[in-house]
Structures are given as C-alpha cells and as structure tokens.
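Open the model in your viewer and keep the selection tool at hand. This tour moves from one selection to the next and says what is to be found at each stop.

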Protein chains: 2
Amino acid sequence: MDTPFTRLKGGVGAPQGFLTSAVSCGIKNPNAARLDLALIYSEKPCTSAGTFTTNRVKAAPVRVSQAHLRKGDLRAIIANSGNANACTGVLGIRDANAMCDAVANPLKLKRSEIGVASTGVIGLPMPMSRFEPKYDELLERLGPKNGSDVAAAIITSDTHAKEFAISFDLGEHRIRIGGCVKGAGMISPSMATMLCFITTDASISSENLRKSVLECVEESFNRITIDGDMSTNDSVIVLANGAAGMPMIRRNSSTCKIFRQALRLVMLELAKAVVRDGERTTKFVTVKVEGARTYLDAKKVAEAVCKSALVKSSWNGGDPNWGRIIHAVGYSRARIREELVDIHIGGKAACLGGLQAETSMDELREVVSHPEFEITINLNQGESIYTMYSSDLSPEYIDFNRSEYAYWKQARKDGLV
Amino acid sequence: MDTPFTRLKGGVGAPQGFLTSAVSCGIKNPNAARLDLALIYSEKPCTSAGTFTTNRVKAAPVRVSQAHLRKGDLRAIIANSGNANACTGVLGIRDANAMCDAVANPLKLKRSEIGVASTGVIGLPMPMSRFEPKYDELLERLGPKNGSDVAAAIITSDTHAKEFAISFDLGEHRIRIGGCVKGAGMISPSMATMLCFITTDASISSENLRKSVLECVEESFNRITIDGDMSTNDSVIVLANGAAGMPMIRRNSSTCKIFRQALRLVMLELAKAVVRDGERTTKFVTVKVEGARTYLDAKKVAEAVCKSALVKSSWNGGDPNWGRIIHAVGYSRARIREELVDIHIGGKAACLGGLQAETSMDELREVVSHPEFEITINLNQGESIYTMYSSDLSPEYIDFNRSEYAYWKQARKDGLV
C-alpha cells in the first residue's frame, strides 16, 4: 500500500456517521442462522453514485436502484443474499420496492433514497414472507459498527466475508473509505462483482463522485474474471456523507486526485479479494499485457488469456503451458505477430519471439506451483498496456455448479413455485 | 438423412480413385503402436479447397498448406498426430516442407501438390527423426481402402475415430463424398475442427469447390463449440478427383445445389461427431435461437449460451437451469428484451416472457437427463435464426487438461528441448 493510506479494521462501518445492521431471515439456509439481510444507513444526507451490470437481463433491484439514483442521492442501502430477485418480472419490482419501503418509513426517508440489492439464485420468486417478520429487528440492530455484519450478510458461495477500509489525510482532515464485496461465481467484466458497497465520510458532489466511481471501477472490478459469466445483479453503490467535516472535494484538484487514488485502492483490494475467493479456485493470476498497439488490443489479449478454459485448466494443474497462452493470444482478435510475442512467467522467460525460451521447465513449474503468480505478455508492437486478475478453473468449480435443484426444492416447500 | 443420400462404410477412401495409408511412428505414444502418420493420395489430378484457423498464431503446416493451395490444386495430404508443429518458427516450416517432400518425390508430384496437417501438443519441435524411418512403409501401404486408417491416425484425445461417407446420384452418375475428422479439445468457431479431410469423386472446378467449402463450413464446423478455445491448427481440406466420370458441376446449377447439400451433410455429421466426442464431456446439446432481429444477434445469443461455463456446468449436472441460460442471453450483446424471451427445453416451456413457465421441474429434469437434447430460445423480436451444437463442461475435462508435462518430458528424452 502507498504510504499515505492506513488500513483500518472493518468495512462500510469504518467511515464516520454510517450505521449498519444485519439479521438472519432463513433465505440462504432455512435450517441455519446465517445473516442474509443487511442495512447500511447514513446519519447525515449523502451524495451517491453507482455502476451496474451491463447484462440486458437485469434483476429487479438493479432496475429499482438505477431509477432511485436517477431521481437523486441515496442515504441507505438494503441488501439480501440467497435470492437474486432476477427474472421475476413485475412481481420482482414490487418486491424490491417493498424492501425499500420497509426501511424508508421508519428511517424517515423517501423510497427513492434507498438503494436495494439482491444476490443468489435466479428465476425464483422472492420469499417476502421470510423478510417481513425481520424488518423490525433489522432496524433495531442499526448502530455504529465497523460493518462486518453487512459483509457477512451479503456473501453466498463465498468462503469468507470480504471487506477493506483505509484512512488518509486530505489537508487537516482525516478521511475514511470502507467497503465490502461478495463475489465467488458469475464473475466477469464488465462490472465484475455481484455486490459491492462503499462508504466514505469525505465531502464530494454527486457529479464528481459519479465520475470517480466510473474511473475506479474501470480499473478494478472491470479487470477481474473467474468464470467469464456476467451476472444479472452486479452492483457497486458508493455513499459519501461528508461527516469528516472537510470542504467539498473540487474536480481536478489535488485533493480529488488523492481521493480517487484512495477509492481505486479500496476497489482494487476488494476486486482482488473476489478473485482470491473464486468458487473452488486455487490460483490468483495477474496477467499483464504490454507492448500492444492500442489499449483495446491489450485488453482483448488479456481477456482471451484470462477466459480460456484450457489456460485456466493448466493453471489448475500447475503447468506453465505457454503454448496455450499464445494460442489464446492468437485468437483474441487483437493485432499481434506471433514471431514478436514474449511471455514471462514469474519474471522468467517462457517464450521469446514466439518460440520456447531457454528457462528450464522445472523453474517455470516452481513459479506456477504457488497460489499467486504473474504472467507478462509483451506483444512488442507498441506502448499500450492492460492488467487483469484471474483465477484458474477447477474440477471442483464445475462440480459445485452442477445443480441448483436444492434451491428449487426449497422454493417449492415455501409454496413459491 | 434426406432420401437421396445413402450412407457408405468408411471415410476418405470411399470415393473412387483415392488411396490411403497410415503407419505408427511412436509420436503419440512411444510405447504403444498407435497410428500417427497418414497419407491420402488421388490416382487422378484433383481440384481442391481448404479453410483454416483464423487464429493469428498459425501452425507451420497451416501456413504451408495455405501457400500450396494458393499455388494450385493439391493431390495428396500428409498428416500426423501427437505434435502440432505450432509455435516452432522457421524450423517448423522446414519440418512441414520436409514432410511434403518425403512423399512428393516418390509420388511424382510437386511439393506444392501436397497438403500437410499436424495436431497435438503446441510449442515442442517436431520429432522428425521418428518420421524419417517410416516414410517408405507409409508409401508401400498406400492402397485402395475405405480410409479408416487415416481416421485412426489423426485422432489425439478423441475416444474413437470419426468418419462419414455417402453416395448419391447426379443424373446418371453415382457420386461419393467421404471424410474423417479429429477434434476433442480446443474446439470453437471459427473453423472448429482441428483436422478434417474430405474426398469426392465428383468433378467440380477449384473455384466452385472453394465456394462450396466456405458455405458448408460456415453451417457446420463454425457452429460447434466444446471449450471455446480456437486452435492454431484447424484445417479442412477437400479433394475432388472427378473419378465418377460425370460432367463438371456448374455453378448455380441444380446438380451444384445437390452437391452442396451432400457436402454440407458430410461436414455437419463430422462436426457433430466432434462435439459428441468432446474431451470428457457427457452431453450433446443443440441450441436453436429463433426470433432474432438479425442473423448476427441470433449468432451472438447462441455463442454466449454455448460458451457459458455456468450453463455448461448445469448441463453436466442434468439441471435444466433456464436462469443461467437467460443470464447468458442477456450478456451476449445481442439486442434482446428480457420480457419477450421464451426458452423451451426438449420442446417443453421452461421460461415464457422472461418468467418461469408452468412446466414441472421434474419434466424438465427428465429431458436434461438424456445424453442429447435440444434447447430453443425465441427472442420474439424478428425472423432470424441460428443453430449451434455444444457440449457440457465436466470436472473430468479440467482434470484431463491440467497438465501437458508428460509431453515435455518425452521431448526432453528425445533430446528436442
């Protein structure tokens, strides 16, 4: 981490003036008390911004949150895990609105000041009867905490909760940014995480916050992939409440530059945490493309390599298979010349000028045996670069994703299908 | 099969005037006598056509065969399995030329009348010293056979040899078309099979044959996917020797129409055979997209669904998961409206208007439990259609593709690396 940033405990509760809460409604698992409904609330009015899935099939909460952000700023977020409220039609919209209404009235907010997010199985009706008895408890539990309750409540197939928070100084004012994320499956650009919430006590206009979020998402969440599948529910929502008492961050100012650097850091740490916790994956691979003719060429190469089933299988097997990497480079549709391509694995030359390099196979295998390593692909045709973060693909991933029949059986038990 | 076509035994040897041969050089497996070097030769001069991988990383034999086809017509094809001769630089070109020369002189042909193809591991030098002692035997064995020796010699991770041949009448003349294919991994449009050779005793100009091949490949090999990885070696080469004694097939004639129908049938049967024999896969799924605004929209939807790791995992698990199908439809970049999408599985409605249909889950699960089934996705926005053939993705596929270290160890033993 760069010097000016200090890591804090917790996530969305770390900045001043944010209260959090989470309860268990039995959606994720009817038989175990796992947190699955969460609330984030700012004591002061906020500015806000969000980016959402570019999938044309959008979950109801995505549509509702987008509409609310168009109307003005959010001040609270309600989120559940276990059911994505996707492909649920007008009933889904009704249910997402009902979730907003359930907390808007007690918090004395307008419905349009609430952001709503859901994650879980697609195509099953929301079990609203499981939420309703729990709203009171959700509101009662609201208090100044570090936000770990929210991080725990939004995870699904994740193996652990993921949050990150930092503090840094802007002039005489100490600013905090905190966030949580859930990921695990259906992870691919654009807009890679399924759900990510970020809070800050900085003062920043809605317009400036929106631009900052777009810029930072492009360099973090849009650069990760696990399985290449883009979700229907991907949402990043950021709330800024100004509780640190600083003057408004002006666009193009030096404070704005530092703020964006901090926001990017938080998003990148959360994005990487999603890849590291990919469903049943075992490797975290940084793929750096250099020497491309254009940014787009570099991006195409990185995406082709990071999404190739054969490349990902070889990573799973600890095989430094540069032949499969260059074959994906070749079909990326980027303008490349085979005889110019260099590939380094963990800094060691695997392929030079399109041909096998001198490095011994044992040295390369040693690199790939580690849980994290870096691959550099130099196209030697220009100056453009692009970096992506990817995982392997494991037999266990496929086994894990073979069937969602159990969810359907539960929905039938609940009388929903 | 349509009425006028009769299936024949064998493959590339079924048409008149083609001789075949295959020998074992110990490339595929040094310890077991498996055929791995094959030769196809026409007793009469041929017209010829080919389509090749669009991967910018092209194996040496692809470059050499393309150059030979530009110079004129081919009359023979030499092919090996076990080593792809890809990413092998100028030495690879030298070796591909040497394979052509080894048979050109004894057959009294020019080097440029020979097509050459290789399939196997990428990035390792060709073990030429294993071929050289076997060329004489390859030429001695050349004779009138049905071509099953060639089909057996080109397979790699395939579980069985794949060939198909038919006869049909054009006026008073009986015409035969036969072909063989190898596939299994690295299978994706465009130019999906790694190697496919087709022979016919029809009389057709090079120009007309080239157009026929392009049209038929587009509707067969370019419509299949197993793992979404496009190979460096994909080659389809077609030889026509006119041995049936018929007059030349004229463009746009009724006989040309029947010939193309027959050629398409052979290619489609071979392409489907590749998917059915996908590496460690268990399902053959036909995905029909209907009601798209344009052909390109229909194609984008079919490709997104057929390449989704999550959709393929659910097929592996026998789970009729329409939620994952519609989520892939959504991120396909085709212009779709969620509320118009209908999905039928085995003719039974799974999703109507973007919402779960009435069909019971048990009925849908019964369909998906079969090794072959059909999914229809109607976008209800236009008249365009597109059909693709896909497999599931299995834990065993990944396990199978985890490491090619054994090939490298063999190459080291051979003193090649």
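The stops below begin with the two chains together and then go on to single elements and residues. Please keep in mind throughout that this is a predicted model.

**The two chains together**

Begin by colouring chain A and chain B separately, and look at where they meet: 51 residues of chain A are in contact with 49 residues of chain B. To see which parts of chain A take part, select α9 (309-316), α10 (322-331), β15 (355-356), α12 (395-400) and α13 (405-413), which are the elements that each give two or more residues to the side touching chain B. Of these, α10(A) gives the most, with 9 residues. If you colour this side of chain A by residue class, you will find 21 nonpolar, 21 polar and 9 charged residues.

How are the two copies related in space? Chain A can be laid on chain B by a turn of 180° with a shift of 0.0 Å along the axis, and the RMSD is then 0.0 Å; that is the relation of a two-fold axis. To find the axis from chain A, select A:P395, whose C-alpha is the nearest to it in that chain, at 1.9 Å. Because 96% of the interface residues of chain A are also interface residues in chain B, the copies meet through the same surface.

**The open sheet of chain A**

Next, hide chain B and select the strands β1, β7, β8, β9, β11 and β4 of chain A, which in that order form an open sheet of 6 strands with mixed pairing. The edges are held by β1 (6-8) and β4 (47-52), and each has a single partner strand, so one side of each is left without a neighbour in the sheet. On average, and with direction ignored, neighbouring strands here are turned by 20° against each other.

At the edge formed by β1(A), look for the strand β7 (residues 162-170), which runs antiparallel to β1(A) and is joined to it by 3 bridges. A:R7 can serve as a landmark, as this residue stands opposite A:I166 in β7(A).

Now add the helices that lie against these strands. α6(A) packs on the sheet, where it touches β4 and β11 (235-240), and its direction makes about 35° with that of β4(A). Helix α7 (residues 254-276) of chain A lies across β7, β8 (173-182) and β9 (195-200), and runs at about 165° to β7(A).

**A buried serine after α6**

From α6(A), follow the chain into the loop between α6 (206-218) and β10 (224-225), where A:S220 has its place. Is this residue buried or exposed? A:S220 counts as buried, since it has 25 C-beta neighbours inside 10 Å. Beyond its neighbours within four places in sequence, A:S220 is in contact with A:R264, A:M267, A:L268 and A:A271. For A:L268, the C-alpha lies 4.7 Å from that of A:S220, although 48 residues separate the two in sequence.

**Helix α7 and strand β9 in chain B**

Bring chain B back and select its helix α7 (residues 254-276), whose end C-alpha atoms are 33 Å apart, which agrees with the 33 Å that its 23 residues should span at 1.5 Å a residue. Among the buried residues of α7(B) are B:F259, B:L263, B:V266, B:L270 and B:V274.

Then select strand β9 (residues 195-200) of chain B, where 6 of the 6 residues are buried, so that the strand is largely enclosed by the rest of the structure. Its two faces are both covered, with B:L195, B:F197 and B:T199 buried on one side and B:C196, B:I198 and B:T200 buried on the other. Strand β8 (residues 173-182) runs antiparallel to β9(B) and is joined to it by 6 bridges, and here B:C180 stands opposite B:F197. With strand β11 (residues 235-240), β9(B) pairs in the parallel sense over 6 bridges, and B:I198 has B:V238 as its bridge partner.

**Two residues with positive phi**

Finish with two residues in loops. A:N85 sits in the loop between β5 (76-83) and α2 (89-104) of chain A, and its phi is near 50°, a positive value in a residue other than glycine. A:N85 is buried, with 32 other C-beta atoms within 10 Å. B:N380, in the loop between β16 (372-378) and β17 (384-391) of chain B, has a positive phi of about 50° although it is not a glycine. With 14 C-beta neighbours inside 10 Å, B:N380 counts as partly exposed.

How values were computed. Residues are numbered from 1 along each chain as its sequence is written. Chains are lettered from A and ligands numbered from 1 in the order in which they are written. This is a predicted model: local features need pLDDT of at least 70, side-chain atom pairs count only at pLDDT 80 or more; totals for chains, interfaces and linings use all residues. Two residues are in contact if their C-beta atoms, placed from the backbone, lie within 7 Å. Helices (H or I, at least four residues) and strands (E, at least two) are DSSP runs, numbered from the N terminus. Ala, Val, Leu, Ile, Met, Phe, Trp, Tyr, Cys and Pro count as nonpolar, Asp, Glu, Lys and Arg as charged, and the others, Gly among them, as polar. Copies are superposed by least squares on the C-alpha atoms of residues with pLDDT of at least 70 in both. A residue is buried if 20 or more other C-beta atoms lie within 10 Å of its own, exposed if 12 or fewer, and partly exposed in between; C-beta atoms are placed from the backbone. The expected span of a helix is 1.5 Å times one less than its number of residues. Two strands pair if DSSP finds at least two bridges between them. Axes are lines fitted to C-alpha atoms, for helices over the stretch in contact, and angles run from 0 to 180 degrees between N-to-C directions.
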